[in-house]
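Trainee: Could you take me through one part of this model up close? I'd like to hear about the aromatic rings and whatever else packs around in there.

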Amino acid sequence: MLRRSLLAVLSLPLFAALSLPGANPAQAQTDYPTRAITIVVPFAAGGPTDTVTRLVAESMSRDLGQSVVVENVGGAGGTLGAARVAQARPDGYTLLLHHIGMGTTPSLYRRLSYDAVGGFAPVGLVTEVPMTIITRKNIPANNLQELVVLIRKEREKLNYANAGIGAASHLCGLLFQKAMDAPMTTVPYRGTAPAMTDLIGGTVDVMCDQTTNTTEQIRAGAVKVFAVTTPQRLASLPDVPTTAEAGLPGMEVTIWHALYAPKGTPEAIVNRLSRALQVALKDEKLVQRFTDLGTDPVAQERATPEAASKFWQADILKWRPVIEAAGQYAD
C-alpha cells in the first residue's frame, strides 16, 4: 500500500506536486503574518520620524492581527538602521520607515555597507511634512525678500543651524542656499533640539526645519517665521506665506516618509503590508494626530509600492545635483 501511494505521488505532474501541502513556497505567504513585525526607525526615539512610525505601527497592527514593534536604530545619519533592514531576511518581519534621507543617501554617502537603492522594496508613502524657514527673532528682516537680501549681503557672516549632515534641516538649508545663490556658514548640531535652543538664544541666525519641530516655537513667538516650503499655505500656520508667495519660487521641499521591506520580500507580502498601510492612513485617530503635527497622511493611491518607488527615484534625481554642488558629503 505504501509503495502504491508513493508511486502515485511520483506520477503526478510537476504543477500538481508543487501544490501538495508544504511544497509550495508561497503557502506561508498566505498566512502572513504569524508573529510580531518590527519596524526599524533609523533615528533616536522622540523625533518626528519616530512619532510618525509609532502612530502607523499602532494602526497597522490592528489590520494585520499581529503586534507591530518599533525599534530605534539610530546613528550615521540613518544609515545604520537602513543597513539593518537591507541585510535582514526578506520575509516581511523586519521593515524600515525612513524619511527623505532615502532620497539623499545615494548622493550623500559614497561608501556604504549596503545598496542604498537596490537593497529595498518600497511598500508605500506615508506622509509629507512641510518645512518652515525661521530665524532668531531679532534678525533685521521682516519678510523673505528682505531676508534673502540680507543673506546675499552678509553671506558667510550669517550662521545656518542644522541637526547634522543628512538631517531634514541640513537638506532644506542646502536647497535654500542654492535657491538664493548665496552661501552661509553652516553650523551642524547633534540633533534638532540643541540647534533650536541656540536659534532661540540668538547664537545662530537661520534654520529650516519640519513643522513638527517648529510650529510650537513659531506660535510662542520664540523665533521669526518667513515662509513654508509647500505649494499651499498650511491650516496650522495660515498667516505664513509659501516660499513662492514670498518671492522665492522653486524653493519647495517636504520631508516625506515611506515604508520599506528588504529587497527580495515576496510580492504577496509587500502587497499585504501596503493594504495594511492604506487602512492605517484612514484611521481617524492617526489622521487627527498627524494634523496635530502639522501634516496629513498621503492619498491612498500613493500608499502603494509603485507610487513610492516612482517618487523615491525622482527624489534621488532631484537631490543629486544639489548635494554635488554643495560638495558636502557624509563620508
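Mentor: Sure, let's start with Trp312, which counts as buried because its relative accessibility is 2% (buried is under 20% relative accessible area, exposed over 50%, partly exposed in between, with a 1.4 Å probe and protein chains only). Before going on, the ground rules: this is a predicted model, where local features need pLDDT of at least 70 and side-chain atom pairs count only at pLDDT 80 or more, while totals for chains, interfaces and linings use all residues. Residues are numbered from 1 along each chain as its sequence is written, and side-chain values use heavy atoms, with hydrogens and water left out.

Back to the rings. Searching the whole structure turns up 5 aromatic pairs (rings of Phe, Tyr and Trp, the last by its six-membered ring, pair if their centres lie within 6.5 Å; planes under 30 degrees apart are stacked, over 60 edge-to-face, the rest tilted). One of them is Phe120 with Tyr260, edge-to-face at 6.0 Å centre to centre and 65 degrees between the planes. That pair links distant parts of the chain, with Phe120 in strand β4 (residues 120-136) and Tyr260 in strand β9 (residues 254-262), 140 residues apart. Helices (H or I, at least four residues) and strands (E, at least two) are DSSP runs, numbered from the N terminus. Both Phe120 and Tyr260 are buried.

Tyr260 also pairs with Trp312: the ring centres are 5.3 Å apart and the planes are at 70 degrees, so this pair is edge-to-face. Here, too, distant parts of the chain are linked, since Trp312 belongs to helix α13 (residues 305-326), 52 residues from Tyr260 in strand β9. Tyr260 has a relative accessible area of 1%, so it is buried. Put the ring pairs together and you get a cluster of Tyr114, Phe120, Tyr260 and Trp312.

Rings also meet charges in this model. The charged end of Arg35 sits over the ring of Tyr93, 3.8 Å from its centre (that takes NZ of Lys or CZ of Arg within 6 Å of the ring centre and within 35 degrees of the ring normal). Arg110 lies over the face of Tyr329, 4.0 Å from the ring centre.

One more arginine is worth a look. Arg272 lies in helix α11 (residues 267-280) and is buried, with a relative accessible area of 18%. Leaving out residues up to four places away in sequence, Arg272 touches Tyr32, Asp63 and Leu64, where contact means heavy atoms within 4.5 Å.
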